[in-house]
Each structure stands twice: as structure tokens, then as C-alpha cells.
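This report concerns the protein shown here. Please consult the sequence and the coordinates alongside the text.

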Amino acid sequence: MVTAVVGANWGDEGKGKITDMLAQQADIVIRYQGGANAGHTIKNEYGKFALHTLPSGAFSKGVVNVIGNGVALNVRQVLKEIREITEKGVPAPNLLISDRAQIVMSYHVLFDSLEEARLAGKSFGSTRSGIAPFFSDKFAKTGIQVSELADMDALREKVEGLLVQKNLLLTQLYHQPELKTEDIMQELAEYKELLAPYVCDTSAYLWQALKEGKNILLEGQLGTMKDPDHGIYPMVTSSSPLAGYGAVGAGIPPYEIRRIIAVTKAYSSAVGAGEFVSEIFGAEADELRDRGGDGGEYGATTGRPRRVGFYDVVASRYGCRLQGATEVAFTVLDVLGYLDEIPVCTGYEIDGKVTEEFPTTTLLKKAKPVWTVLPGWKCDITGIRSYEELPENCRKYVEFIEEKLGFPITMVSNGPGREDIIYR
Ligand code: GDP
């Protein structure tokens, strides 16, 4: 049986923590999309870690971690993360990398930076990890699949062909020196060696594992708002963070994904540009940002301050629906204990009309938040382990949001640690 842990919002909902928790009962944890452009923050008995490409099962003994075909594979980054965790005493993770995954090349990172610089003020706020150029190549059918490393002669011919177009762009559009086939081949030879211990036909492996009744976790990166189809296009990511894409990005049958846990944070945050209706500003925002998450809302990958806002039920209901949530994990609730009153965005006003449906980006640009204000609980709820022990106003907040969402909140997270969880 397969469980997916996915984001209902803009990412950074605390998926890493929920996956890390569930990974303890899992046999296999799979990353199926995205790349090193986002990160999970995980706090456990070994310390605090920012994972970008390694599946969160990396900390759980006996778990097989799979980097699926849908991932933008940054080889050096994967190995760097393995080094980082093993240096802190974590046993070397059991890792399998799909032979159908494609490789993020150094030129993807280069093109990402050059394009962001060229767009200057109009940029996408990319993390410059090469993700958009990588996926452009993948879908233009000019990407490099791990399996191709088996035939370096054929690969050389391919690289020579690729460089014709890339060098034209480099010299004419970006005024940069040309790339050389030799350098690219050297990079690929390095990857071939580094990847050798991990590469396999992961979809065949997973098919067998499913037959044996293994417990499998799919780990999503970012959230619904960043989906290229259903999110705030064009301020989205380049691969689908939806649970449904898990079937494609891991190579498993869609009907196997039975449990879909949409993770949503008790307030909102977003990194990078794009529509964010319930965003707040000024001192109010600074306070929430600094109290937020675990040590403040700053990007796990970039360290950039995240934009913050109050909870948005319009976006989150849509976010859960598109994920196909069978249940919801409601996280970082402890952070809101300082507020006298807690505004919740319950509608969008667009051209004088109030809607509860999440619109397309064009309309979203005009949307103004409609607030419903709930009373705060004014105390620290960390350490509480049963739902009934939460202060009444805190329970009312959870229940108000659950009712508005229309999806059952089965877990409430009230701290960054594995044990900081309340099951309902
Ligand atoms: P992800 O990308 O969805 O995994 O999200 P992040 O890695 O950005 O996680 C959000 C941050 O919140 C991390 O620093 C977590 O350690 C922290 N976190 C997760 N759940 C909770 C919680 O319930 N309370 C608090 N205070 N922090 C949490």
C-alpha cells in the first residue's frame, strides 16, 4: 500500500517532519518529482538537517530510499547530502536511484542563473538550481537519462549535438564563453562513477515490493500552488507536486496510492514571487516570520526570508482537493500561541464579488482577502499529546478550519520534533 505525503499550499508546510515520522513504519520512501530546489527540514535524534534530494527515510534504519524517474537528479548534491548525514552519525542510507531519472547538468544551473540575471526584476525568483532549464530539456527531449551513461560514445555524439544550440544561446543571448564537449564528457564520467552503486530499475523493484505488500511512502516537494497546471502559473515549479504525479514519477500503478496526506500549515508562507492573497506585511509579518517554523521562516535551500500570511482556506481547500487528500495534517499550530486574535482568510473579493473558489492567476491578481477573525488561545501548546488537552480556542481554530476545508484533520503538529504530534 502506498501513502503520499504532499503539500496543500506553497511548500514548507512541514512535510519533511510528517514523512520522517511515517518513515519509521515504512519499508520504502520515494521522492518522485522536483529536485534540489526545495528542502525539507528534519529534526530528529541525530540533529537538524536540510534535505534537498535525499528521501526523508534516510534517517530510518531498514528503510529503502528511492529517487524516482521523475526527479531532477543533481548527482553531486545527493552525494553531498549522504556525506552530511553520515558525518553526523546517521548510518549510510540504503539508496536506489532510477535508471530513468534524468541528470541536472552544470549547464542547467548555469542557464538558470544567467536567465534569472537577464530577467532581473521580472525574474521567477528561481533558486538557481537548474530546475527550469533541466525540465525544458527533458520535455524538449534533449535531457540526459542516467541509463545513457552506459554508452559514453553515443553520449558524446549527443552532447556534441546539444552544444550547438546551447553555445548559440550562451554566446549570443548571454555573452558567455562556449561550453566544450570535453568538459561535459568529463562531468558525465564523474557522474557515471558516483552513481554506479545506486542505479537500478526502480519501477521493477517497486512493482515487486508492492506484490510483497510493502509499506511505501511517496514524498512530495513543494505544494499544490506550485503545480505547473493547477498552481499560480507561471510562478510555479517545473514538475508536478501532486500526489497523482507520484504514479508517474515513481513508476507505480495509480490505484496503489490509497492514502493521501495533505500537509497544511496553521498559517501561510511562500518563498519566491507569485500570488499570495493572505500575505501580511510590516511588523505583524516580521513577528510571525521570526516566530514561525523552527527558528523562523527562512528558506531551507536559500536562507531567503519567506513571505508570510494568515491561514487561507480558499487556497488550502483547493490545495487539498487537487491533491486528492484522504486526510489532512495540520502543522506548526504551536507558533500561533502569541496572537490575541487570529484572522483566517475565508473568501476572496474579486471585482466586488466574494468567492470561495480558488481562481486562475489572472483573477487571483485582483483578489483581496476576506477575513474571519477567531480568538487566540494565548499559551504555549508544545508538549501536549492529546487533542482534548488543547485549549478550547485552539480546538475551535482547528475545527473551524477543518469544517471550512471539508477534509478531516487527522494529525495536529505542535512542534518540530517527531514526538510533537497529536492524533485525532
Ligand atoms: P517541508 O518542505 O514541507 O518539509 O517544510 P519545511 O522543511 O520548511 O518545514 C517547516 C519548518 O517547520 C521546519 O523548520 C520544521 O522543523 C518546522 N516544523 C514542522 N512542524 C512543526 C511544528 O508543528 N511546529 C513547529 N514549531 N515547527 C515545525
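The overall fold is treated before individual residues.

**Overall architecture**

The model is predicted. The secondary structure of the protein consists of twelve helices and 20 strands. Its radius of gyration is 22 Å, close to the 22 Å given by the globule rule for 424 residues, so the protein is as compact as a globular protein of that length. The C-alpha trace spans about 70 × 50 × 40 Å along the principal axes.

Of the 424 residues, 57% are buried. Among contacts with a separation of 6 or more, 75% are made by residues 24 or more positions apart. The exposed area of the protein is about 17,400 Å², of which carbon and sulfur atoms supply 52%. As for charge, the protein carries 45 positive and 56 negative charges, and the mean positions of these two sets are 1 Å apart.

**Helix α1**

Helix α1 covers residues 15–23, and nine of its nine residues are buried, so the helix is largely enclosed by the rest of the structure. The buried residues of α1 include the charged residues K15, K17 and D20. Also buried in α1 are G16, I18, T19, M21, L22 and A23.

**S268 and its surroundings**

S268 belongs to strand β12, which comprises residues 268–270. Is this residue buried or exposed? With a relative accessibility of 4%, S268 counts as buried, because the cut-off for that class is under 20%. A polar atom of the S268 side chain lies 2.8 Å from the backbone oxygen of F310. Residues up to four places away in sequence aside, S268 touches W10, F276 and S278, together with R307, V308, G309, F310, Y311 and D312. F310 thus appears both in the polar pair and in the list of residues touched by S268.

**Backbone geometry in loops**

Which residues are joined by a cis peptide bond? The bond lies between Y233 and P234, with omega at about 10 degrees. P234 is placed in the loop between β10 (216–223) and α8 (245–250).

Positive phi values are found at H175 and at D351, neither of which is a glycine. The table sets out their values.

| Residue | Phi | Relative accessibility | Loop |
|---|---|---|---|
| H175 | about 55 degrees | 63% | between α5 (152–173) and α6 (181–195) |
| D351 | about 50 degrees | 59% | between β16 (341–350) and β17 (353–355) |

The cut-off for an exposed residue is over 50% relative accessibility, so H175, at 63%, counts as exposed. D351 counts as exposed because its relative accessibility is 59%.

**L169 in helix α5**

L169 lies in helix α5, the helix that spans residues 152–173 and precedes the loop holding H175. At 35% relative accessibility, L169 counts as partly exposed. How far apart are the C-alpha atoms of L169 and I422? They are separated by 53 Å, and the two residues are 253 positions apart along the chain. Neighbours within four places in sequence aside, L169 is in contact with F111 and Y174.

**Summary of local environments**

The residues described here cover several degrees of burial. S268 in strand β12 is buried at 4% relative accessibility, whereas L169 in helix α5 is partly exposed at 35%. H175 and D351 are exposed, and each lies in a loop.

Key:
Residues are numbered from 1 along each chain as its sequence is written. This is a predicted model: local features need pLDDT of at least 70, side-chain atom pairs count only at pLDDT 80 or more; totals for chains, interfaces and linings use all residues. Side-chain values use heavy atoms; hydrogens and water are left out. Helices (H or I, at least four residues) and strands (E, at least two) are DSSP runs, numbered from the N terminus. The radius of gyration is taken over C-alpha atoms; the globule rule is 2.2 Å times the number of residues to the power 0.38. Buried means under 20% relative accessible area, exposed over 50%, partly exposed in between (1.4 Å probe, protein chains only). Contact means heavy atoms within 4.5 Å. Accessible areas come from the Shrake-Rupley method with a 1.4 Å probe; for residues, only the protein chains shown count as cover. The place of a charge is taken as NZ of Lys, CZ of Arg, CG of Asp or CD of Glu. A polar contact is a pair of N or O atoms within 3.5 Å; within protein, one must be able to donate a hydrogen and the other to accept it, and residues adjacent in sequence count only if both atoms are side-chain atoms.
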